[in-house]
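Hello,

I hope your week is going well. As promised, I am passing on the structure we talked about, and my notes come after it.

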Amino acid sequence: MGFDVIVVGAGLAGLTATAEIADGGKKVLLLDQEPETSIGGQAWWSFGGLFLIDSPEQRKMGIKDSKELAYQDWMGSAGFDRLYDEDYWAKQWAEAYLDFAADEKRDWLRSLGIKFFPVVGWAERGGYLADGHGNSVPRFHIVWGTGPAIVEAFEKRIRTQIDQGLVTYLPRHRVDQLLIENGAAVGVKGSILEPSNAKRGEKSSRTVIDDFTYKSPTIVISSGGIGANFDLIRKNWPERLGSSPQNMISGVPDHVDGRMLEISEKTGARIVNRDRMWHYTEGIKNHSPVWTEHGIRILPGPSSLWFDAEGNRFQAPNFPGFDTLGTLETIMKTGYDYSWFILTQKIIEKEFALSGSEQNPDLTGKSYKRLLERLKKWSARSCSSIYGSR
Ligand SMILES: Cc1cc2nc3c(=O)[nH]c(=O)nc-3n(C[C@H](O)[C@H](O)[C@H](O)COP(=O)(O)OP(=O)(O)OC[C@H]3O[C@@H](n4cnc5c(N)ncnc54)[C@H](O)[C@@H]3O)c2cc1C
């Protein structure tokens, strides 16, 4: 069977690419190394916070946003300093994304059944000058149903396209090699992994039972990042952040291992911006781990105090949710790779939230009753501190 496009990776990027390409009448082969239970990848675990500009939700809260302000914030945060090289496409992509987020994105998502919780959060406030890092206004739109609701919308499209014969989805198919002819990728080779009972997000076996080769004139690689591969993180650790922490925990499942990026690079793909990585400093070990070194991000409210390892209070703007990379740099400069939140039981009860779908059953389960219970607890707290991202 001939395929117009092969998509490697059935996370949200792969599902979206597949659904849009198949909608154009093209035949798509969607491959993923994980079992079907993990379809949607990281996005299922996410809080489902989406970037929109000047939305009705923002306007209802009295937030004045505009594409110009979002452009200034994006440029200040990205700090493009390699415009004639690695940043060339990144800047063009940023501009196109700003147009998308200010215009068709919300309507497109709503047409797929995705709805938004009416409180917009404020992720990465920055805390510097207007043209520095951070969002000047709250823009973190939480999907009603969090990450699972986003995955569901795209999975539904893919299932229909499978029934229509437009999409072939093969889980447990791990790509090990890109086939190149005359300088262009023309196919993929890989291993069929043994069936697995691993539940969503759990590590699955890598035992090979067969191999495969598929050809196509177009290959899309949507294999995720490197967040679960601490060796690769250390290898690419940016000098500006000092030395890498000795102890790290992982906000992402084991499959986020960067292996496919290395395979692509060996075949001639160009990997850009490998030093621009993103880490959260407000993390703790998950009490019920699903994947290796499973960490959860704390979303603390305003009343807890944050100190370095020797008990010195962090200076502004090293507050939770302001500038995570700036805070990481500050922590690493202390010579210790940990810090302290000091707070009382009452503050935890009132103000602490944890990022991720499984930590927010009220929003994930679309339960108004449970949400009301949380809002009652939060009544004394600014609602702008529900935020989180990866
Ligand atoms: C707890 C948590 C909370 C988050 N909260 C937010 C949020 O609120 N807002 C936000 O914007 N983002 C959030 N994120 C980040 C966001 O979810 C991810 O950036 C996004 O889902 C990544 O999607 P992806 O498709 O690029 O990669 P992935 O989801 O990692 O999918 C990649 C897929 O490729 C497959 N694959 C890899 N290599 C191969 C290979 N060689 N052969 C075959 N298959 C392969 C993998 O098995 C996987 O299924 C969060 C993430 C987590 C984990």
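Below is what I found, going from the domains to the ligand and then to one of the sheets.

Please keep in mind that this is a predicted model.

**Domains**

The domain assignment splits the protein into three parts: domain 1 (1-52 + 139-223), domain 2 (54-136) and domain 3 (230-385). Between the centres of domain 1 and domain 2 there are 27 Å, taken over C-alpha atoms. Where these two meet, domain 1 contributes twelve residues to the contact and domain 2 contributes 17 residues.

Which elements of domain 1 give two or more residues to the side that touches domain 2? They are strand S3 (49-51), strand S5 (140-143) and helix H6 (146-163). S5 gives the most to that side, with four residues. By residue type, the side of domain 1 that touches domain 2 divides into nine nonpolar, two polar and one charged.

**Around the ligand**

The ligand is surrounded by 35 residues, and the closest of them are Gly-9, Gly-11, Gly-41, Ser-46 and Gly-224. Helix H1 (12-23), strand S7 (173-181) and helix H8 (259-266) are the elements that give two or more residues to this shell. H1 gives the most, with three residues.

The shell around the ligand has 18 polar, twelve nonpolar and five charged residues. As for the domains, at least three residues of the shell come from each of domain 1 (1-52 + 139-223) and domain 3 (230-385).

**A four-stranded sheet**

Helix H1 also leads us to a sheet, since H1 lies across S1, S2, S6 and S10. These four strands form an open sheet in the order S6-S2-S1-S10, with parallel pairing. Strand S6 (167-170) and strand S10 (218-221) stand at the edges with a single partner strand each, so one side of each has no neighbour in the sheet. On average, neighbouring strands of this sheet are turned by 15° against each other, direction ignored.

If you would like a pair to look at in detail, try strand S1 (residues 5-8) and strand S2 (residues 28-31), which pair in the parallel sense over four bridges. How is Val-7 placed in this pairing, and which residue of S2 is its bridge partner? The bridge partner of Val-7 is Leu-30. Helix H1, for its part, runs at about 170° to S2.

Happy exploring, and do write back with any questions.

Best wishes

Conventions:
Residues numbered from 1 in each chain as written. Predicted model: local features only at pLDDT ≥ 70, side-chain atom pairs only at ≥ 80, totals over all residues. Domains from an automatic or database assignment. Contact = placed C-beta atoms within 7 Å. Nonpolar A, V, L, I, M, F, W, Y, C, P; charged D, E, K, R; others polar. Near = placed C-beta within 6 Å. Pairing = 2+ DSSP bridges. Axes fitted to C-alpha atoms, helices over the stretch in contact; angles between N-to-C directions.
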